[in-house]
Amino acid sequence: MKKVYLSGILLLLGITVMAQTGQVPSGPAPMKPEMTEFYEPEVRVVQPATILGMAPSDAIILFDGNDINREWEDSEGKPTRWVVRDGALVCVKGAGIIRTKRKFNDFQLHIEWRTPAEVVGDGQGRGNSGVFLQGLYEVQVLDSYNNRTYRQGQAGSIYKQYAPLVNASRKPGEWQTYDIIYTAPRFSSDSTQYFTPPRVTVLHNGVLIQNNVSLRGPTLYIGIPEYSIRKHGAEPLVLQDHGDPVAFRNIWIREL
Ligand code: MG
């Protein structure tokens, strides 16, 4: 809008010069540095964390080590059976998913997770959980330390769609971080297709493993995700119960 306004002024200036001097100007008025320097609206100040990984001042704290029920509920909107143990939120087998009471569109998410120190099972059966963005698109949580599985199913994959760029896993029993930047989809006017698909960037333990990938559709266990999907708006964040006692802590989100 500012650009159009500026062009209009330049055009008018040119016409005025022509009318007054009778001369045809040789070109548009010369640009000055201040023509591309804007002060308003002023960029908002945010207090960054003093310790890396902790929440900045404008984040919503989704789990602070104490109360599950303030921000989370089960799939029916009831109190979850997941438990708090040593300041971490721990999945209880059979309790089902948990979801945030709030709903989100575009966001930056920080979440820390830990698979059990005692290794049980292999492949998809070892420390499996997941972070479902808008409840539909899974960033896989798995013990992928010396544990081969299909590449689009290991830790940091966008499940069944994108393998991580590298395997940045720590050992089982150690805390790991995901920093996720998510852009929600926009939908076509008939609501059956993405106008722009969901886009995801993930850092695993500070290492870039998903670089602004475009998703094909909601996560499926069987079959190929399609662009033809149901329209949705803001949706909750969901953590998966895959039967393993995976722990989570220090969960915060910034709406964008
Ligand atoms: Mg999973």
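Donors are N, O and S atoms within 2.8 Å of the metal (3.2 Å for Na, K and Ca), and since water is not among the atoms, sites may look incomplete. This is a predicted model, in which local features need pLDDT of at least 70, side-chain atom pairs count only at pLDDT 80 or more, and totals for chains, interfaces and linings use all residues. Residues are numbered from 1 along each chain as its sequence is written, and side-chain values use heavy atoms, with hydrogens and water left out.

Now for the metal. The magnesium ion is held by N128 (OD1), S129 (O), E138 (OE), Q140 (OE1) and Q240 (OE1), at 2.2 to 2.4 Å. Along the sequence, these donor residues follow the spacing N-S-x8-E-x1-Q-x99-Q. E138 sits in strand β8 (residues 137-141) and Q240 in the loop between β14 (238-239) and β15 (247-255), so the pair links parts that lie 102 residues apart in sequence. Strands here are DSSP runs (E, at least two residues), numbered from the N terminus. E138 is buried, at 3% relative accessibility, and Q240 is buried too, at 14%; buried means under 20% relative accessible area (1.4 Å probe, protein chains only).

Then there is the greasy part. The largest nonpolar core (buried Ala, Val, Leu, Ile, Met, Phe, Trp, Tyr and Cys residues joined through side-chain atoms within 4.5 Å) has 42 residues, of which W72, V131, L133, F248 and I251 touch the most other members. β6 chips in the most, with four residues. Leaving out residues up to four places away in sequence, F248 touches several others, including F63, W82 and the magnesium donor S129; contact means heavy atoms within 4.5 Å.

Conventions:
Buried < 20%, exposed > 50% of the residue type's maximum accessible area, 1.4 Å probe, protein only.
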